[in-house]
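Work through the exercises below with the structure in view. Try each task before reading its solution.

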Amino acid sequence: MAPAAAVFYILASVALLSAVMVIWSRNVVHSAIYLVLTFLCVAGVYVLLRAEFVAAVQVLVYAGGILVLFLFVIMLVNLAAGTGRRVRVHATVSAVVGCAATALLLYVSASGGLETSFGARTDLSAQGGNLQAVGWALYTQYLLPFEIASVLLLVAMIGAIVLARQKY
C-alpha cells in the first residue's frame, strides 16, 4: 500500500469516527471538539489531494468559524451539570488523538511529503497557482453564489449579535 493511501485511510477513519462522536456525545463541548477534529481530518485529505487553498479555507472558515459559533452557544447554555470523570476521559482521548495526528503530520513533513497518484494532474504553477485559479473561478462564473453566501453570512452575524446582546 502506498504511503498516501495509508495516510488517507487513517485520516478518513478518524474523520468518520469523530463525526459519529459528534452525534453520539452527550456533552456539547465534546461534540464541538469532535467536530473540529472532523474538519481538520477533512483538511488533511485536501492536502493529500494537493488542494492547499481549500485545506486552508477548511481550517479557517469551518474549524475556526464553527468553533467560535459553538463557543457562543456554550456560553449561553448552562453547563454546570455534567462535569466530572467523563471530562477527564474525553480530554485524555482527545490528547492521544491530537498527539497521534501531530506525529503523523511531522512524519510526513520530515519524509519530504507524499507521492500521490490521484489521476491526471494539471500543473497550475505556470498559470499562477491554485489560489489564482480558485480566484478566477470565484469571481467569474461563481460570482452570484459567492455574493449570496456573503450576504447570508452578514445576516447570520447580525442575528448572532442581536441574540447575544444583553437585554436591559
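**Exercise 1.** Among contacts in the protein chain between residues at least 6 apart in sequence, what percentage join residues at least 24 apart?

Solution. A contact means heavy atoms within 4.5 Å. Of the contacts between residues at least 6 apart in sequence, 63% join residues at least 24 apart.

The model is predicted: local features need pLDDT of at least 70, side-chain atom pairs count only at pLDDT 80 or more, and totals for chains, interfaces and linings use all residues. Residues are numbered from 1 along each chain as its sequence is written, and side-chain values use heavy atoms, with hydrogens and water left out.

**Exercise 2.** State how many helices and strands the protein chain has, then check the span of helix 2.

Solution. Helices (H or I, at least four residues) and strands (E, at least two) are DSSP runs, numbered from the N terminus. The protein chain has six helices and zero strands. The expected span of a helix is 1.5 Å times one less than its number of residues. Helix 2 has 21 residues, so it should span 30 Å; its end C-alpha atoms are 30 Å apart, which agrees.

**Exercise 3.** Locate Arg50 and classify its exposure.

Solution. Arg50 sits in the loop between helix 2 (28-48) and helix 3 (52-76). Its phi is positive, about 60°, although Arg50 is not a glycine. Most residues other than glycine have a negative phi. Buried means under 20% relative accessible area, exposed over 50%, and partly exposed in between (1.4 Å probe, protein chains only). Arg50 has 35% relative accessibility, so it counts as partly exposed.
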